[in-house]
Amino acid sequence: MTAPETTRTRPSWRTVLVWTAISIAAAAGWGVIALVRGEEISAFWLVIAALGSYAIGYRFYARFIANKVLRVDDTRATPAERLDDDVDFQPTDRRVLLGHHFAAIAGAGPLVGPVLAAQMGYLPGTMWIIIGAIFAGAVQDMVVLFISMRRNGKSLGQLARDEIGPIGGAAALVGVFSIMIIILAVLALVVVNALAASPWGTFSIAMTIPIALLMGFYLRTIRPGRVIETSLIGVALLVLAIVAGGWVQASSWADAFTLSPQTLVFCLVVYGFVAAVLPVWMLLAPRDYLSTFMKIGTIALLAVGVLIVAPALQADAVSDFAISGMGPVFSGELFPFVFITIACGALSGFHALIASGTTPKMIQKESQVRMIGYGAMLMESFVAVMALIAACILDPGLYYAMNAPAGVLGTTVESASTAVANLGFTISPQDLQAAADAVGEESLVARTGGAPTLAVGMSEILSSVFGGDGLKAFWYHFAIMFEALFILTTVDAGTRVGRFMLQDTLGNVWKPIGRVSWKPGIWITSALVVAAWGYFLYAGVNDPLGGINQLFPLFGIANQLLAAIALTIATTVLVKSGRLKWAWVTAAPLAWVAVVTLTASWQKVFSDDPRIGFFAQRERYAEALEQGEVLAPAKDLGQMQTVVTNSTVDGVLAAFFALLVVLIIANAAWICRRALRSAEPLPSTEAPYVESRLLVTAGRSTGADGSQEERP
C-alpha cells in the first residue's frame, strides 16, 4: 500500500528566495575552496559549503527518496507500535530517537579519518565528506533503516539471509562479525594513542565511569525518568573531572595515571567486558546521555568558533603526497585511499548495523526515516568536516611531527624536527616543545591516531574565542575527553552487539549459549569478543610501523566493504519490490564503493611496494629477519617478527573480506536477475500492512483508545 495522495502546492516566493540564497552561499563556498590557489583561504568557506549542501540535500534529495523511492506511508503501523513491549520495541519521540541514533553511529571514524586524510590536502577530503554523505552515506542509512523497519527491525545479517539467500546470507553473517572486530580494535587503538602517557586525559576518562554509574542509578532508582536533570548533573561532573585532571597532572598522583599503551590495552579490554555484561541501564545508557550532549554541543561550539575566528587553512588544497602516494602518515595514492581513510564521515557500513538494530524498533512513523536516518548522517558528516578543519589549520610541520610514526620521527623534538625537514616542512625543536607545553603535555612527537592532532586543532580554535592561550591546555584535554567519550560509546555498544551476534551464531550449535538470559553464555561470548578485538589492539600498539598507520587502511576497507554489503541488500530489495527504475539510488553508491574498496583491497594484498602491500611488506621484513638484519623502524629482531606477523594477518583479512563481498554481490546479482525474469514477484519478508492507530504530536503519542502517554 502506498502513501495517500497529497495536494501539491506551489512554493511561496519567500521559500524560493530562501533556497536561492542557500544555493548561492553553498556555490560560493565551493567556488572558493575549489578554485582559489596560491593564497590562504579561510575555513569559514568549508563550513558554508557544507551547511548549504546539507540543507539542499536534506530538503530535496532525501525528500525525493522518502516519497518516490521508499514510498513512506504514515498510515502503516511501524514495529514500534505493532510490537510495543516497552523493552526493545517502543514508539519514541523522533527528537530523542535522533539523538540516540546519532550517539550510536558517531564513533572514531568522523574524527580520525579526516585528520589522517589531511595528508592529501583539504580539497579531496572535503569533497568526499560532503558529496559522499549526501549521495551515499545518508542514503544507505535511510534506506536500510526503512527496509529493517518494514521487516520488524531485523538485523543486517538476517536481512541478507532473507533477501539474498542462505549462501550470501552466511557470507554476510561471517563478514559482518569479522569486520566488526577490526572496527572495534581500531576505535580502541585511537583511545590508547590519545591517553598514553597523559595523566590528565587518563584521569578525566577514568572518572567518566563512576559518573556514568552514578547517572544510571540516579535515573533508575533516585529520580526515575528525569533524563535532562540527570544529564545536567553528568555534564557538570564531567567538567569538574577535566579541571581535576589538571590538578592530578601537577600532583604526586600523576605517576598513577601515567600509563603505557600496553597497560591501557588491558584496561580497555576489562572495561569492554564489564560494559558488555552489565545491565544496559547501569553504564551504557547513561554514557549515551553524556555522549549525545557532549557530541552535539562540542561540535556546535567548534563550528561557532570557526565562524567567529575564521582560521586560515595551512594545508595545501591537494598535497604532493596525494600524487606520489608516499606520505608519512599512510602510503597510497589519492584514489582509492582517501575514500577508505575517510570512512564514517562520508559512508560507513557500521551505521547499517545501527540502522538495522535498535533504531527501527523505536521509530513512530515511516516518514521519520528521513529525519533520523538521513539527518543523523549529515550531522556526522559535519563532525568530519570540523575534524578536517582542525587538522588543516595547524602548521604542516606540527601536523607531520604528530602523525608520522615514531620510527620515522624518533623520540626527541630534535630528531622529529630533522625528520619533518626531510619531508619538506619546517618546525624547530623549540616550537615543537612550546606546542606541547601550551596544551599541558610532555611531548606531542609521534602522537599518532588522529585524536591528539584533532585536540590540538580544537584547542587552537576554542581558545581563540573562549579564554585565550591561558585555557589552551584545558580545551586540549576537554577535546581528548570528548573524543574518548565519542569513541567509547561505540566500543562498549559494539562489544555488546558483537556478543549478541556471537550468541545467535553459536546458539545454532548449542542452544543454551544463545539464550540472552543465561549468564555463562553472556560471559563466555563477551570474553571471546573482547579477546578478538583485544588481540588486534595489542598488535597495533606494539607495531613498530605505527599501529594506526597499519590498521586504519584495513579498518577503512572493512568498514566500506560492510557498506557494500548494506547497499547490496538495499538494491536487491528495491529490485525485488518492483522499483527497478529507482534502484540506481542505492546501486550507484554501491558501484562506487565496490570499485573503491576492491581496488584498495587488491593493492593492499598484491602491491609489490612494501609501503603499500601487506604481503610485500611481510616478505621484505621476513627476508631481512632470516639474515638477522634489523630494518628501520624496527629496533630489534622481536619487532621485526611483529611486523611480519601483523602484515600477514592484515593481508589475509583484506583478501578474506574482499572475497566475501564479491560472493555476496554475485549472489545478489543472481537474485536480481531472477526477479527481473520472473513473471511473479519473488517472496518477500516484508511484514503485512497494518493500519496505524497511533497519533503523533510533539513529544506525545496518542493511542487508539484516546489515552495519552508522554514519551521520553
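**Exercise 1. Charges over rings**

Find which ring Arg59 lies over, and how far from the ring centre.

*Solution.* Arg59 lies over the face of Phe60, with 4.8 Å to the ring centre. The rule here: NZ of Lys or CZ of Arg has to be within 6 Å of the ring centre and within 35 degrees of the ring normal. Now try Lys604: its charged end sits over the ring of Phe614, 4.5 Å from the centre.

A quick word on the ground rules. This is a predicted model, where local features need pLDDT of at least 70 and side-chain atom pairs count only at pLDDT 80 or more, while totals for chains, interfaces and linings use all residues. Residues are numbered from 1 along each chain as its sequence is written, and side-chain values use heavy atoms, with hydrogens and water left out.

**Exercise 2. Aromatic pairs between α2 and α16**

Classify the ring pair Tyr54 and Phe382, then do the same for Tyr58 and Tyr374.

*Solution.* Start with the criteria: rings of Phe, Tyr and Trp (its six-membered ring) pair if their centres lie within 6.5 Å, with planes under 30 degrees apart called stacked, over 60 edge-to-face and the rest tilted. Searching the whole structure this way turns up 26 aromatic pairs.

Step one: Tyr54 and Phe382 have ring centres 6.4 Å apart and planes at 85°, so they go down as edge-to-face. Tyr54 is in helix α2 (residues 44-70) and Phe382 in helix α16 (residues 369-392), so the pair links distant parts of the chain, 328 residues apart. (Helices are DSSP runs of H or I, at least four residues, strands are runs of E, at least two, and both are numbered from the N terminus.) Both Tyr54 and Phe382 are buried, where buried means under 20% relative accessible area, exposed over 50%, and partly exposed in between (1.4 Å probe, protein chains only).

Step two: the rings of Tyr58 and Tyr374 also have centres 6.4 Å apart, but their planes are at 50°, so this pair is tilted. Again distant parts of the chain are linked, with Tyr58 in helix α2 and Tyr374 in helix α16, 316 residues apart.

Step three, burial: Tyr58 is partly exposed at 27% relative accessible area, whereas Tyr374 is buried at 0%.

As an extra, Tyr61, Phe64, Phe135, Trp582 and Trp584 form one aromatic cluster.

**Exercise 3. Salt bridges**

Work out where the partners of the Glu686 and Arg76 bridge lie, and how far apart they are in sequence.

*Solution.* A salt bridge needs a side-chain nitrogen of Lys or Arg within 4 Å of a carboxyl oxygen of Asp or Glu; that gives 12 salt bridges. Glu686 and Arg76 meet at 3.3 Å, N to O. Glu686 lies in the loop between α27 (637-677) and β1 (695-697), and Arg76 in the loop between α2 and α3 (79-82), so the bridge ties together parts 610 residues apart in sequence. Glu686 is partly exposed at 26% relative accessibility, while Arg76 is buried at 4%.

Next comes Arg151 with Glu163, whose closest N and O atoms are 2.9 Å apart. Arg151 lies in the loop between α6 (122-149) and α7 (156-164) and Glu163 in helix α7, so the parts tied together are 12 residues apart in sequence. Arg151 is buried at 4%, and Glu163 is buried at 3%.

Finish with the network: salt bridges that share partners join Arg76, Arg150, Glu366 and Glu686.
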